[in-house]
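Let's take a friendly walk through this model and look at how its side chains meet. Keep the structure open beside you as you read.

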Amino acid sequence: MVVNAPEPNHDDCKNIDVRTEDGLTTFGVEDFNDASYDFVSMVKKIYSAAFNYSGELNRLHEVIGSPDFPESSKQFYEAISGFGKGDRNSVFIKKFHEAWDSDPSLAALYHQFIREVVQPVLCPGEKELVIQTTPNIRIGVPGVSNIGRLDTDPSPDIIGLHCDGEHGHPPQEKNIIIPLTRMTATNSLYFEPRPQSGLPCTDYEILETDVGQFFYFYGNRCRHYNKVNDTGLTRVSFDFRIIPLSKFDSEYRSVSAGKKQFKIGDYYSKISCY
């Protein structure tokens, strides 16, 4: 039986000793050779083909006013949508998924990165991983938020406050973010440093990271949120979730915000690391 993801319940972000129970590390930033895993050029190529855009990704918002940008899509960037609803209406997101589905070399690079860079850091010794089949791409243009609002947000400037466990994600997941532009200040992510920290949202950590790094944290139980991007620059990033196959619960039943089941062959794929 498959059940829909539950409504947000902040009690679900229960305190877990993530180091001893799940082998998780709370958060960290690691460097990698971005020339070997050139996600930036990959994404530039997608938007060059879609919008005839040849600029830097942190200026991607300039496409919105260009003749090649669909008029019907401009209104999407004039307001902040509801959480988990609006991003799938973004033409940037749609063009990315069209490219991903038609070009297997994109998934091949993604898998290679996880095997060669992520697995040795987060899952040493694991021979197989369960990974999010398609990474999320986040396009945070100036003047709006990268994610939508929740009715439970405590104030207008704290947008989408949640932990992934509130939305049905399995607790064994580890979250990884790969910045394709610098992530800083209000174009980035604010996150709780440990589950049930008791900290006010205004005292959460802010993710400061850049191209050639990846960030990991326990987003399943650590709450996180966005703000309205007032930096004047677009934030572009990938994020995805992984679970060591040895810790994967094949009996877990729930569905993602995109209506995919949290099982191998749907939301997840299985890859070998040897």
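The report below goes through aromatic pairs, one helix and the salt bridges.

**Aromatic rings**

Please keep in mind that this is a predicted model. Searching the whole structure turns up 28 aromatic pairs. One of them joins tyrosine 204 and tyrosine 225, a tilted pair with 5.9 Å from centre to centre and 45° between the planes. Tyrosine 204 sits in the loop between β6 (190-191) and β7 (205-206), while tyrosine 225 belongs to strand β9 (residues 224-226), so this pair ties together parts that are 21 residues apart in sequence. Tyrosine 204 counts as buried, at 7% relative accessibility. Tyrosine 225 is buried as well, with a relative accessible area of 1%.

Phenylalanine 248 and tyrosine 268 make another pair: their ring centres are 5.6 Å apart and their planes stand at 85°, so the pair is edge-to-face. Here phenylalanine 248 comes from the loop between β10 (235-244) and β11 (268-272) and tyrosine 268 from strand β11, so parts that are 20 residues apart in sequence are tied together. Phenylalanine 248 has 17% relative accessibility and counts as buried because the cut-off for that class is under 20%. Tyrosine 268 is buried too, at a relative accessible area of 0%.

Ring pairs also build a cluster, which links Phe32, Tyr37, Phe39, Phe96, Trp100, Tyr110, Phe113, Phe214, Tyr216, Phe238 and Phe240. Elsewhere a ring has a charged partner: lysine 227 lies over the face of tyrosine 190, at 4.9 Å from the ring centre.

**Helix α4**

Helix α4 (residues 91-102) is made of 12 residues. From its first C-alpha to its last it reaches 17 Å, close to the 16 Å expected at 1.5 Å a residue. At the N-terminal end of α4, serine 90 acts as a cap, with a side-chain oxygen 3.2 Å from the backbone nitrogen of phenylalanine 92.

Which residues of α4 are buried? They are Val91, Phe92, Ile93, Phe96, Ala99 and Trp100. These buried residues pack against α2 (39-51), α3 (71-74), α5 (104-122), β3 (136-140) and β10. Phe96 and Trp100, both buried in α4, are also among the members of the ring cluster.

**Salt bridges**

Side chains of opposite charge can pair when their charged atoms come close. The structure holds 10 salt bridges, and the table shows some of them with the distance between N and O atoms.

| Lysine | Glutamate | N to O distance |
|---|---|---|
| lysine 44 | glutamate 56 | 3.1 Å |
| lysine 74 | glutamate 71 | 3.2 Å |
| lysine 270 | glutamate 128 | 4.0 Å |

In the salt bridge between lysine 44 and glutamate 56, the lysine lies in helix α2 and the glutamate in the loop between α2 and α3, so parts that are 12 residues apart in sequence are tied together. Lysine 44 is partly exposed at 26% relative accessibility, and glutamate 56 is partly exposed at 46%.

Lysine 74 and glutamate 71 are three residues apart in helix α3, and about one helical turn separates them. Glutamate 71 is exposed, with a relative accessible area of 59%.

The salt bridge of lysine 270 with glutamate 128 links distant parts of the chain, strand β11 and strand β2 (residues 128-132), with the two residues 142 residues apart. Lysine 270 is partly exposed, with a relative accessible area of 46%, and glutamate 128 is partly exposed at 23% relative accessibility.

Finally, Asp164, Glu173 and Arg241 are joined in a network of salt bridges.

Note on methods: Residues numbered from 1 in each chain as written. Predicted model: local features only at pLDDT ≥ 70, side-chain atom pairs only at ≥ 80, totals over all residues. Heavy atoms only, no water. Phe/Tyr/Trp six-rings, centres within 6.5 Å; stacked < 30°, edge-to-face > 60°. Helix = DSSP H or I, 4+ residues; strand = E, 2+ residues; numbered from the N terminus. Buried < 20%, exposed > 50% of the residue type's maximum accessible area, 1.4 Å probe, protein only. Lys NZ or Arg CZ within 6 Å of the ring centre and 35° of its normal. Expected span 1.5 Å × (residues − 1). Contact = heavy atoms within 4.5 Å. Polar contact = N/O pair within 3.5 Å; in protein donor to acceptor, adjacent residues only side chain to side chain. Salt bridge = Lys/Arg side-chain N within 4 Å of Asp/Glu carboxyl O.
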